[in-house]
Amino acid sequence: MPLYSRITGTGSYLPAKRLSNAELVSQLAVQGVETSDDWIVERTGIQARHFASVDETSSDLAYKACLKVLQAANCPAQEIDLIIVATSTPDMVFPSTACILQNKLGIHGCPAFDVQAVCSGFVYALTIANALICSGSARKALVVGAEVFSRILDFKDRTTCVLFGDGAGAVVLEASDQPGILASDLHADGQFAHILCTPGQVSGGQVIGSPLLQMDGQAVFKLAVGVLEDAANAVLAKAHKTSADLDWLIPHQANIRIMQGTAKKLKLSMDQMIVTVDQHGNTSAASIPLALDVGVRSGRVKPGQLVLLEGVGGGFTWGAVLLSL
Ligand code: ACO
């Protein structure tokens, strides 16, 4: 039985349509919604985001990210024996986006399922894939985060619609006798479900409740910085490491101020953090694998380095994964 799992490739995909703050600001102005490039940059660090076209779904973005990751890992699709997709914006109520993706990739028979943990989805999915590989249930997993958050944004609510974008990121996780995933730490606390949610439900052929994202931004902000510090320290302690051992912190990309706060608490310099929130906005479950792929493909994040991934999001959910690349 393999002792460990390792990431052997990364890939990502952003939809073609890119909207700068200036473009979004003028589109919102037409609807009477007032905001500005200055406000968005100062409060969030976001300068631009990508939006999927009307006929593009999470599985379409995931499929394109997977073509890249399979090539990077030099892994034929037929060798994949587990597919996990983290998403809160699935193609359909059912079947899962993972099953739709599996069919697009021409893979048949392996287990495929979605994980719903909002912006923490990728660290949840990676932890599950690692456990299935280490128990001998799988050898080569595709672990994907894919989102089309533009579909659930309320473009009349300036406090949320400027924050999010669409995209997908993926890794191939393989059985290995060398340590890759070193430790993980996952949490949830449903008492905070209301501070970040999309409450609508499908019932009797109708959507009951709002199908659009709503958020108490300040409550999310306050919780996020504390739980991210706790998850980082917990995962480092489990692997008998300290933050001084880290080469990279790749956090969920929600807001540059949350990211700066986390780096400060862990005594890390901003040069040790991969930042994509400026160009991608918050892509929820896709943001961590997207940022990891950007780090790897730019040559900054290298094999053998110690990397901390951490996510926080609706649920309330949070968690971290420590890995040697
Ligand atoms: N443009 C201009 N003004 C705005 C905008 C906007 N887009 N949005 C809000 N404002 C105004 C508010 O109305 C308020 O005006 P007022 O003082 O006259 O009432 C003022 O700006 C300040 O609003 P705050 O909410 O206090 O702004 P804050 O500095 O807290 O920033 C933000 C808001 C960016 C949402 C911040 O709270 C935040 O980043 N929170 C965390 C969000 C987050 O990370 N969410 C994702 C979690 S992951 C997931 O699971 C999806």
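Are phenylalanine 316 and tryptophan 318 buried or exposed? Both phenylalanine 316 and tryptophan 318 are buried. The close-ups below come from a predicted model, and we will return to these two residues in the last view.

**View 1. The shell around the ligand is built from 25 residues.** Among these residues, Thr35, Arg43, Cys119, Gln218 and Asn255 come nearest to the ligand. Sorted by class, the shell has twelve nonpolar residues, ten polar ones and three charged ones. Domain 1 (4-176) and domain 2 (181-324) each supply at least three residues.

**View 2. Oxygen atoms of the ligand meet side-chain and backbone atoms of the protein.** Start at asparagine 255, where a polar side-chain atom sits 2.4 Å from a ligand oxygen. At glycine 314 the partner is a backbone N or O atom, 2.8 Å from an oxygen of the ligand. Tryptophan 39 offers an N or O atom of its side chain, with 3.1 Å to a ligand oxygen. Taken on its own, the ligand has 1,000 Å² of accessible area, and the protein covers 75% of that.

**View 3. Helices and a strand contribute to the ligand shell.** Two or more shell residues come from each of helix H2 (37-44), helix H6 (158-161), helix H7 (217-238), helix H8 (256-265) and strand E14 (306-313). Have a look at H7 in particular: with four residues, this helix gives the largest share of the shell.

**View 4. Phenylalanine 51 and phenylalanine 155 form an edge-to-face pair.** This is one of three aromatic pairs in the structure. The ring centres of phenylalanine 51 and phenylalanine 155 are 6.0 Å apart, and the planes meet at 75°; an angle over 60 degrees counts as edge-to-face, so the pair belongs to that class. Distant parts of the chain are linked here, as the two residues are 104 residues apart. Phenylalanine 51 lies in strand E3 (residues 48-51), while phenylalanine 155 lies in the loop between strand E6 (140-148) and H6. Phenylalanine 51 has a relative accessible area of 7% and is buried, whereas phenylalanine 155, at 23%, counts as partly exposed. The cut-off for buried is under 20%, which is why these two partners carry separate labels.

**View 5. Phenylalanine 316 and tryptophan 318 make a tilted aromatic pair.** Here are the two residues from the opening question, both of them buried. Their rings are 6.4 Å apart from centre to centre, with 45° between the planes.

Methods:
Residues are numbered from 1 along each chain as its sequence is written. This is a predicted model: local features need pLDDT of at least 70, side-chain atom pairs count only at pLDDT 80 or more; totals for chains, interfaces and linings use all residues. Side-chain values use heavy atoms; hydrogens and water are left out. A residue is near a molecule or strand if one of its heavy atoms lies within 4 Å of it. A polar contact is a pair of N or O atoms within 3.5 Å; within protein, one must be able to donate a hydrogen and the other to accept it, and residues adjacent in sequence count only if both atoms are side-chain atoms. Accessible areas come from the Shrake-Rupley method with a 1.4 Å probe; for residues, only the protein chains shown count as cover. Ala, Val, Leu, Ile, Met, Phe, Trp, Tyr, Cys and Pro count as nonpolar, Asp, Glu, Lys and Arg as charged, and the others, Gly among them, as polar. Domain bounds come from an automatic or database domain assignment. Rings of Phe, Tyr and Trp (its six-membered ring) pair if their centres lie within 6.5 Å; planes under 30 degrees apart count as stacked, over 60 as edge-to-face and the rest as tilted. Buried means under 20% relative accessible area, exposed over 50%, partly exposed in between (1.4 Å probe, protein chains only).
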